[in-house]
Amino acid sequence: MIAPLRKDDALLSDISAAEDREDAFHLWWLGQSGFLVKWQGQFLLFDPYLSDSLTRKYEETDKPHVRMTELVLDPGRLDFVRHVTSSHNHTDHLDGETLTAIASASGAMTLVLPAANIDFARGRLGDVPIDYLGLDAGIARAEGPWEFEGVPAAHNEVERDEEGKCRFLGFLVRFGAFTVYHSGDTLWHAGLLPVLLGKSPDVALLPINGHKPERRVAGNLNGMEAAALGRAMEAGLVVPCHYDMFSFNTEDPDEFVAACQRLGQACRVMRGGERLTVELESGG
């Protein structure tokens, strides 16, 4: 099993030690599509999956979810996190075990998610202290230091509820002078790039596991597509995700790195529990 760069006490110590600065933020990969952002002493957690719920659920089926990377942290230790996202209802993005543990530990968690999914999320998460902040494509809402804007995602289609609200979203998040884009799970679709043109996020967090129907799960961007999307939206840096979690649904990041090199797109392949620090350019 793949060992994270940092986990448990070592990871928490690194999170605590990361300097609070207005002109810089820190980001840790927690596995799959989960990323923790720290800025000015505030925390935002994207789409965490910090349990073995899917491995247990599918262990006696013909589609076992065999974990590839060790768990980086017990979610109950994230008592300092107040803002968490869920891009859609699949368990590796809306995990009851992970989210209820964080909510119970923090006592004051806001879950940012597609408005179309709030009723589903309430049913899955039950009676825990969670405030629900619903978004839709093109809608921007502020919560604490974070401003969230919904971006339509196709997993595999841009699916909408009876009111026309998207069930799958990505998130453009602005804070201070910075912008981060977390795509959620998505394929390339006609409505994606027009929303992202000109946004130039400092970091784009994009899946690279691709779309292979034989896996019998909804697909994502592959490495080449993630690199091209990062280049097209003029991302400062692209960080790949959604691989090295389950053995049946993963890809090697080499294709992504090679495509970034061909396109002149800056990228960073991270290990679990690794920290990335992004600073404003001098004079920026």
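**View 1. Helix α3 lies across four strands in this predicted model.** Helix α3 covers residues 96-106. The strands beneath its path are β3, β4, β5 and β6. Relative to β5, helix α3 runs at about 145°.

**View 2. Strands β4 and β5 run parallel.** Strand β4 is made up of residues 83-85, and 3 bridges join β4 to β5. One residue pair can be named here: V84 has L111 of β5 as its bridge partner.

**View 3. Seven strands form an open sheet with mixed pairing.** The strand order is β6-β5-β4-β3-β2-β1-β13. At the edges are β6 (130-135) and β13 (275-279), each of which pairs on one side only. From one strand to the next, the twist averages 20°.

**View 4. Helix α1 packs on the sheet.** This helix spans residues 8-17. Helix α1 touches β1 (24-31), β2 (34-39), β3 (42-46) and the edge strand β13. The direction of helix α1 makes about 165° with that of β1.

**View 5. N117 sits in the loop between β5 and α4.** Strand β5 comprises residues 109-114, and α4 comprises residues 118-125. N117 has a relative accessible area of 0%; because this is under the 20% cut-off, N117 counts as buried.

**View 6. The surroundings of N117 include H88, N89 and R167.** N117 is in contact with these three residues, leaving aside its neighbours within four places in sequence. With N89, the side chain of N117 also makes a polar contact of 3.5 Å to the side chain of that residue.

How values were computed: Residues numbered from 1 in each chain as written. Predicted model: local features only at pLDDT ≥ 70, side-chain atom pairs only at ≥ 80, totals over all residues. Heavy atoms only, no water. Helix = DSSP H or I, 4+ residues; strand = E, 2+ residues; numbered from the N terminus. Buried < 20%, exposed > 50% of the residue type's maximum accessible area, 1.4 Å probe, protein only. Polar contact = N/O pair within 3.5 Å; in protein donor to acceptor, adjacent residues only side chain to side chain. Contact = heavy atoms within 4.5 Å. Pairing = 2+ DSSP bridges. Axes fitted to C-alpha atoms, helices over the stretch in contact; angles between N-to-C directions.
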